[in-house]
Amino acid sequence: MEFTKTPGWLDWYAEPCNPKFKVPPGSVDAHCHVFGPGRLFPFAPERKYTPCDASKEQLFALRDHLGFDRNVIVQATCHGADNRALIDALKSSNGKARGVVTVRRSVTDAELREMHEAGVRGVRFNFVKRLVDFTPKDELMEIAARIAPLGWHVVIYFEAVDLPELWDFFTSLPTTVVVDHMGRPDVTKPVDGPEFELFLKFMREHPKVWSKVSCPERLSVTGPRALDGEQAAYRDVVPFAKKVVDTFPDRVLWGTDWPHPNLKDHMPDDGLLVDFIPHISTTPELQRKLLVDNPTRLYWS
Ligand code: 0GY
């Protein structure tokens, strides 16, 4: 089937630079996607956007270029609950990729076991209204109860303003809970202000909650250009991500978010995203936890 990408859709960076920061051996890009290719793995009828193709081969080439060893591939909403592209990528990865899927309550136990065999270790619940239609919480809770015995976890994606309303649901989930992109803080607000403090409290009071310190390009207002005398691109995101890494060093993950869905203004150079890492994770020990130890514990043990 032929698909036409959403108008204004930006293609991923075909020739990312060589990062200056060398990631430690065994590093995991713990948040990335595959899109199609649409002719092999059609996009879901209920999708809110149509992306460009971003294949498993292209993802694995990026992994090697950036110096990573492994990937965690996360189901994107453009594929709905049809995980075939993701599972195909896992099966082609020689054990170097794990997956996080989207399922409905109709999924069978046999299907879950088959996904586990392929390398799936989590389900994603998405609460970002521009990306998905509403799913009742009782359905999500039922799914969480079914995947818990497999040792899987739940990945949650939400906007910071929605955390108070979702708090009780999140904290009653029976599994480890991994938050995408630090719960999307508004980085124009103070890092020690009430909104981000609520997120830190969420992590502090609930040791089962982990966070991806990913997507500076999505959260930043200052953007990708480092100013004279400034060290980092996306510098307005640095205090937020660094705070989470420093406070919860054993519960953080990092990912590229390649191929970067829904960015309207600029497409990040993935090499520069890797160079962002030492600004938020400032010692070799913290970097090893963020990039190797934590994702290995969650996805490969
Ligand atoms: C991300 C972010 C986004 C999209 C999705 O599944 C998705 O469509 O996650 C977004 O638009 O913020 O993590 O890829």
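These legends accompany several close-up views of a predicted model.

**View 1. The whole protein, with its ten helices and eight strands.**
Let's start with the overall picture before moving in. The radius of gyration is 18 Å, close to the 19 Å that the globule rule gives for 301 residues, so the protein is as compact as a globular protein of that length. Measured out along the principal axes, the C-alpha trace spans about 55 × 40 × 35 Å. Of the 301 residues, 58% count as buried. Among contacts with a separation of 6 or more, 77% come from residues 24 or more positions apart. The accessible surface comes to about 12900 Å², and carbon and sulfur atoms hold 52% of that area.

**View 2. Helix α2 and its surroundings.**
Here we turn to residues 84–91, which form helix α2. Ala85, Leu86, Ile87, Ala89 and Leu90 are buried in this helix. The elements that cover these buried residues include two other helices, α1 (56–66) and α3, along with the strands β2 (70–74), β3 and β4 (120–126).

**View 3. Charged side chains across the protein.**
This view sets the scene for the pairs that follow. The protein carries 38 positive and 42 negative side chains, and the centres of the two sets lie 2 Å apart. Side chains of opposite charge can pair when their charged atoms come close. A search of the whole structure finds 21 salt bridges, and the next three views each show one of them.

**View 4. The salt bridge between arginine 105 and aspartate 138.**
The two side chains meet at 3.4 Å, N to O. Their pairing links distant parts of the chain, 33 residues apart: arginine 105 lies in the loop between β3 (97–101) and α3 (109–118), while aspartate 138 belongs to helix α4 (residues 137–147). Arginine 105 has a relative accessible area of 34%, so this residue is partly exposed. Look for Glu142 as well: salt bridges that share partners join Arg105, Asp138 and Glu142 into one network.

**View 5. The salt bridge between arginine 146 and aspartate 109.**
In this pair the N to O distance is 2.9 Å. Helix α4 supplies arginine 146 and helix α3 supplies aspartate 109, so the bridge links distant parts of the chain, 37 residues apart. Both partners are partly exposed: arginine 146 has 26% relative accessibility, and aspartate 109 has 45%.

**View 6. The salt bridge between aspartate 250 and lysine 289.**
These side chains meet at 2.7 Å, N to O. Aspartate 250 sits in the loop between α8 (238–247) and β8 (252–253), and lysine 289 is part of helix α10 (residues 284–299). The partners are 39 residues apart, and they too link distant parts of the chain. Which partner counts as buried, and which as partly exposed? Lysine 289, at 17% relative accessibility, counts as buried because the cut-off is under 20%, whereas aspartate 250, at 35%, counts as partly exposed.

**View 7. Glycine 26 and its contacts.**
Our last stop is the segment before β1 (28–32), where glycine 26 has its place. With a relative accessible area of 13%, glycine 26 is buried. Leaving aside neighbours within four places in sequence, glycine 26 is in contact with Asp69, Arg70, Leu291 and Val292. Glycine 223, by contrast, is 30 Å away from glycine 26, C-alpha to C-alpha, and 197 residues apart in sequence.

Conventions: Residues are numbered from 1 along each chain as its sequence is written. This is a predicted model: local features need pLDDT of at least 70, side-chain atom pairs count only at pLDDT 80 or more; totals for chains, interfaces and linings use all residues. Side-chain values use heavy atoms; hydrogens and water are left out. Helices (H or I, at least four residues) and strands (E, at least two) are DSSP runs, numbered from the N terminus. The radius of gyration is taken over C-alpha atoms; the globule rule is 2.2 Å times the number of residues to the power 0.38. Buried means under 20% relative accessible area, exposed over 50%, partly exposed in between (1.4 Å probe, protein chains only). Contact means heavy atoms within 4.5 Å. Accessible areas come from the Shrake-Rupley method with a 1.4 Å probe; for residues, only the protein chains shown count as cover. Lys and Arg count as positive and Asp and Glu as negative; His and the chain ends are not counted. The place of a charge is taken as NZ of Lys, CZ of Arg, CG of Asp or CD of Glu. A salt bridge is a side-chain nitrogen of Lys or Arg within 4 Å of a carboxyl oxygen of Asp or Glu.
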